[in-house]
Amino acid sequence: MPRPIEALIHTAALAHNFARARAMAGDARVWAVVKANAYGHGIERVFEGLRGADGFALLDLAEAERVRALGWRGPILLLEGCFDARDLEMCSRLNLWHAVHNDEQINWLAAHKTQQPHRVFLKMNSGMNRLGFRPAAFRGAYTRLNALPQVNEVSLMTHFSDADGPRGVAHQVAAFDEATGDLTGERSLSNSAAVLRHGLKNDWVRAGIVCYGSAPDYPEHDIVHWNLQPTMTLRSKLIATQTLQPGDSVGYGSSYTASAAQRIGIVACGYADGYPRHCPSGTPVLVDGVRSTTVGRVSMDMLAVDLAALPTAGPGSEVTLWGRGPGDTILSIDEVARSAATIGYELMCALAPRVPAHTSE
C-alpha cells in the first residue's frame with residue numbers, strides 16, 4: 001500500500017478563480033501565468049481549468065513546449081525573455097512572444113535570421129529594480145526594436161513591487177506613463193494584486209497567484225474576501241497515536257513538552273514532502289475536518305498533531321495540511337504559510353516530487 005500522502009489539484013476551482021480574474025480585468029485580455037510548473041500545481045494538471053485564458057505566460061522554453069504539446073495555439077509569453085541567442089530559434093518555431101529587458105536581447109534579435117517577425121514585450125524598470133530599461137533609456141530601446149525587420153510588434157510592460165502593500169502602484173504607474181505616453185503598443189502592467197486591490201487594467205493583465213486560490217495581500221485580505229477557492233489540497237492520514245504524560249517531549253530537539261496528559265497523532269507528512277520544517281507548534285491543520293494544530297518539530301517524513309478535541313481520531317483519520325477538508329471544510333494555504341513566516345506561493349512551489357498529485361473537481 002502506498003504512503004497515504006497526496007496532493008489534489010482542483011480543476012473547477014482553477015476555472016472559478018480565473019473567471020474572477022477576468023471579471024476584475026474588465027475588457028483587458030488575461031494571461032494565465034503558469035511559471036514554476038504552474039506554481040507547483042503542474043502545467044498539465046491546470047490546463048483544463050485555465051484554458052479560457054487569452055494566453056499563457058511562463059518562464060522558459062521547456063514550459064512553452066509543454067503548453068504547445070497540450071494543443072494550445074494561442075499566445076505564449078516568455079516573461080523573462082530569451083536567455084541565449086539560440087532561444088530565438090525556438091521562439092520562431094513555437095511562435096512565442098517574449099519579453100525584452102536588456103540591450104543584449106535586442107542585439108540577439110538584430111542578428112537573428114527568421115522568416116517570421118517576433119512579437120516582443122519591452123520591459124521597463126519603473127521601480128522594481130530587477131529587470132528592464134530605466135525610463136530614460138526606454139525610448140531608445142523602443143526605437144531600436146521598431147527598426148528591426150525581425151520584430152513585427154512591440155508591446156510595453158512593467159512589474160509592480162508593492163501592489164500587495166501600502167505603498168501601492170501609483171509611483172510606478174506615473175513613471176511608466178511619463179515615459180510611454182506617446183508610444184504606440186499594447187500595455188501590460190497589472191499582476192494579480194494590482195487588479196484585485198487597485199482595479200488597474202490595461203490591454204493585458206497577468207493573472208498569477210489569483211488563479212491558484214491564494215490572497216496576494218494576506219493577511220489584510222483572505223481568499224473569502226476575494227471570492228477565491230483553494231486549488232491545491234495537501235492531505236495525508238494519521239499513522240499512529242501517542243499519549244503523553246506531563247513532562248513528555250515530542251520530536252527532535254524536544255521543542256514541545258506536554259504540561260498535562262495529552263493525546264497526539266502522527267501524520268505521514270514532513271519537510272521532504274514540501275511541508276515547511278520551520279512551522280512551529282500551533283500551526284493549523286484539520287483532522288477529519290476538525291481544526292487542530294501541530295505539536296513539536298516537523299521531521300523529514302512525519303509531524304505530530306494535537307488530538308485533544310478529537311477523541312475518536314486514530315490511524316486512518318484524514319489530515320488536511322492545507323486546502324479542502326472533509327465536509328466542505330477549508331484550511332487556507334495562506335494561513336499555514338503565515339505560521340511558517342512565508343507566503344502561500346512558496347508552499348505551492350515547494351510541493352515535493354515524491355508526493356503523488358492528480359486532478360480533482
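## A tour of a predicted chain

Asn-37 counts as partly exposed, because its relative accessibility is 27%. Here, buried means under 20% relative accessible area, exposed means over 50%, and partly exposed is whatever falls in between, with a 1.4 Å probe and protein chains only. You will find Asn-37 in helix α2 (residues 35-39). Asn-37 is not a glycine, yet its phi is positive, at about 55°.

A word on what you are looking at: this is a predicted model, in which local features need pLDDT of at least 70 and side-chain atom pairs count only at pLDDT 80 or more, while totals for chains, interfaces and linings use all residues. Residues are numbered from 1 along each chain as its sequence is written, and side-chain values use heavy atoms, with hydrogens and water left out.

**The whole chain**

Let's step back for the overall picture. The chain has 12 helices and 19 strands; these are DSSP runs numbered from the N terminus, with helices being H or I over at least four residues and strands being E over at least two. Along the principal axes, the C-alpha atoms fit in a box of roughly 75 × 40 × 35 Å. The chain is 361 residues long, and 53% of them count as buried.

How much of the contact count comes from residues 24 or more positions apart? Such pairs make up 64% of the contacts with a separation of 6 or more, where contact means heavy atoms within 4.5 Å. The accessible surface is about 15,300 Å², and 50% of that belongs to carbon and sulfur atoms; areas come from the Shrake-Rupley method with a 1.4 Å probe, and for residues only the protein chains shown count as cover.

As for charge, there are 33 positive and 36 negative side chains, and the centres of the two sets are 2 Å apart. Lys and Arg count as positive and Asp and Glu as negative, with His and the chain ends not counted; each charge is placed at NZ of Lys, CZ of Arg, CG of Asp or CD of Glu.

**A parallel sheet**

Strands of a sheet pair through backbone hydrogen bonds, either parallel or antiparallel. In this report two strands pair if DSSP finds at least two bridges between them. In what order do the eight strands of the open sheet stand? The order is β8-β7-β6-β5-β4-β3-β2-β9, with parallel pairing. The edges are taken by β8 (187-188) and β9 (204-207), each with a single partner strand, so one side of each has no neighbour in the sheet.

Further in, β2 (residues 29-33) and β3 (residues 55-58) pair in the parallel sense over three bridges, and Ala-32 has Phe-56 in β3 as its bridge partner. Helix α7 (residues 135-146) packs on this sheet, where it touches β5 (97-100), β6 (118-124) and β7 (151-158). The direction of α7 makes about 170° with that of β6; axes are lines fitted to C-alpha atoms, for helices over the stretch in contact, and angles between N-to-C directions run from 0 to 180 degrees.

Strand β5 also pairs with β4 (residues 76-78), in parallel over two bridges, and Leu-77 stands opposite Trp-97. From β5, Trp-97 and Ala-99 point one way while His-98 and Val-100 point the other, and all are buried.

**An antiparallel stretch**

Now look at β16 (residues 303-306). Leu-303 and Val-305 point one way from this strand and Ala-304 and Asp-306 the other way, all of them buried. Four bridges join β16 to β13 (residues 262-267), and the two run antiparallel; Ile-264 has Asp-306 as its bridge partner. Strand β15 (residues 290-295) also pairs with β16 in the antiparallel sense, over two bridges, and Val-295 stands opposite Ala-304.

**Some single residues**

| Residue | Place | Relative accessibility |
|---|---|---|
| Asn-129 | loop between β6 and α7 | 46%, partly exposed |
| His-198 | helix α9 (residues 192-198) | 33%, partly exposed |
| Gly-314 | loop between β16 and β17 (318-324) | 11%, buried |

Asn-129 has a positive phi of about 60° although it is not a glycine. Beyond residues up to four places away in sequence, His-198 touches Ala-163, Gly-168, Val-169 and Ala-193. With the same kind of neighbours left aside, Gly-314 is in contact with Leu-238, Thr-241 and Arg-263. Gly-314 and Thr-241 are 73 residues apart along the chain, and their C-alpha atoms are separated by 6.4 Å.

Finally, the peptide bond from Tyr-218 to Pro-219 is cis, with omega near 10°. Pro-219 lies in the loop between β9 and α10 (223-226).
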